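Hi there,

Here is the structure I promised to send over, with my notes underneath. Have a look at it first, then read on whenever you have a quiet moment.

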Amino acid sequence: SMPVVEHTIGTVMANSTVQVNARLQGQLIKAFFKEGQMVKAGDVLFQIDPRPYQAVYDNALASLATAKAKADRYARLTAQNAVAPQQFDDAQAAYLEAKAAVESARLNVEFTTIRAPVNGKTGPILIQPGNMIAAATASTTASSLVSIAEIQPVKISLSLPQSDLPRIQARQKGKGLMATISMEGAGGKTISAPVDFVSNAVTGSTGTIELRATFPNQDLVLVPGQLVDVT
């Protein structure tokens, strides 16, 4: 028995890529990171002018206070049979509506601070502070502010001929496949990782099947889009 060794070209892929968009429209007033900087999930990236949304929030709080006072008053009057039950129900409904309006306004104030959704490396800032930006919703698109690529870990995508499928499937049932890549310019260093994905279909145009392996990339030497020699 001899090991079957395949040599091919693999492509480095980010573990995930996120386009950061605004959920509100307004003036972008500040960026809190440098282009190409590593960020963590939850880090503040941008600030939209919060003053218009803060004013709406303050107004909603005032309306809530009025609605609550009215609901409490009607509750006391209802207990004394001084008002019709319908009036009490209407006051309670108005209070709940005002409470929901406050929560919506509070979320809008919170959304003026744009945070990183994932860990990763930032790309170029696509809209500079000072510009007016539009909100991206499920039904409308808007220009992204920046993209974040998660590069710890990264994936290596490679393709093998469909004639190798029987060997691939047999190996996956046992110890599994190992992918090894050579790092050029790093003293001939090689790193290995198990193949953790085999595609569910053969690509008809090329007659190949895609495999992927996940590498920790602790030293950040692998960059998405990079071509590497895979064994």
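The lining of the second largest pocket divides into 5 nonpolar, 2 polar and 3 charged residues. Please keep in mind throughout that this is a predicted model. The space in this second largest pocket comes to about 220 Å³. If you would like to find it on your screen, the residues to pick out are Val-20, Asn-21, Ala-22, Arg-23, Glu-110, Phe-111, Thr-113, Ile-114, Arg-115 and Pro-117, which line it. Helix H2 and strand S5 (113–115) each supply at least two residues of that lining, and S5 gives the most, with 3 residues.

Between H2 and S5 there is a loop, and Thr-112 is found in it. Is Thr-112 buried or exposed? Its relative accessibility is 1%, and buried means under 20%, so Thr-112 counts as buried. Leaving aside residues up to four places away in sequence, Thr-112 touches Leu-24, Phe-46, Gln-47, Ile-48, Asp-49, Pro-50 and Tyr-53.

Strand S5 also belongs to an open sheet of 4 strands, where the order is S5-S4-S2-S7 and the pairing is antiparallel. S5 and strand S7 (132–133) are the edge strands, each pairing on one side only. Inside this sheet, strand S2 (residues 26–31) and strand S4 (residues 44–48) are joined in the antiparallel sense over 3 bridges. Phe-46, one of the residues that Thr-112 touches, is the bridge partner in S4 of Ala-31.

Tyr-53, another contact of Thr-112, takes us to helix H1. This helix covers residues 51–79, 29 residues in total, and its first and last C-alpha atoms lie 42 Å apart, close to the 42 Å expected at 1.5 Å a residue. Which residues of H1 are buried? They are Tyr-53, Tyr-57, Ala-60, Leu-64, Ala-67, Ala-71 and Tyr-74, and these buried residues pack against helix H2 (85–111). Just after H1, Asn-81 has a positive phi of about 60 degrees.

Now for strand S8 (residues 146–161), which has several partners worth tracing. Strand S1 (residues 8–20) pairs with S8 in the antiparallel sense over 9 bridges; here Gln-19 has Ser-147 as its bridge partner. Strand S6 (residues 120–122) also runs antiparallel to S8, with 2 bridges joining them, and Lys-121 stands opposite Ala-149. Strand S11 (residues 208–215) pairs with S8 over 8 bridges, again in the antiparallel sense, with Ser-157 opposite Arg-212.

S8 leads on to the largest pocket, which has a volume of about 490 Å³. Of the 20 residues lining this pocket, Val-4, Val-5, Glu-6, Leu-177 and Met-178 are the closest to its centre. S8, helix H3 (165–173) and strand S9 (178–182) each supply at least two residues of the lining. By type, the lining of the largest pocket is made up of 12 nonpolar, 4 polar and 4 charged residues.

Happy to go through any of this with you.

Best wishes

Key:
Residues are numbered from 1 along each chain as its sequence is written. This is a predicted model: local features need pLDDT of at least 70, side-chain atom pairs count only at pLDDT 80 or more; totals for chains, interfaces and linings use all residues. Side-chain values use heavy atoms; hydrogens and water are left out. The expected span of a helix is 1.5 Å times one less than its number of residues. Buried means under 20% relative accessible area, exposed over 50%, partly exposed in between (1.4 Å probe, protein chains only). Contact means heavy atoms within 4.5 Å. Two strands pair if DSSP finds at least two bridges between them. On a 1 Å grid over the protein atoms alone, a cavity is a set of points where a 1.4 Å probe fits but cannot get out, and a pocket is an open set with protein on both sides within 12 Å along at least five of seven lines; lining residues have an atom within 4 Å of a point. Grid points are joined across faces, edges and corners, and a volume is the space filled by probe spheres set on the points. Ala, Val, Leu, Ile, Met, Phe, Trp, Tyr, Cys and Pro count as nonpolar, Asp, Glu, Lys and Arg as charged, and the others, Gly among them, as polar.
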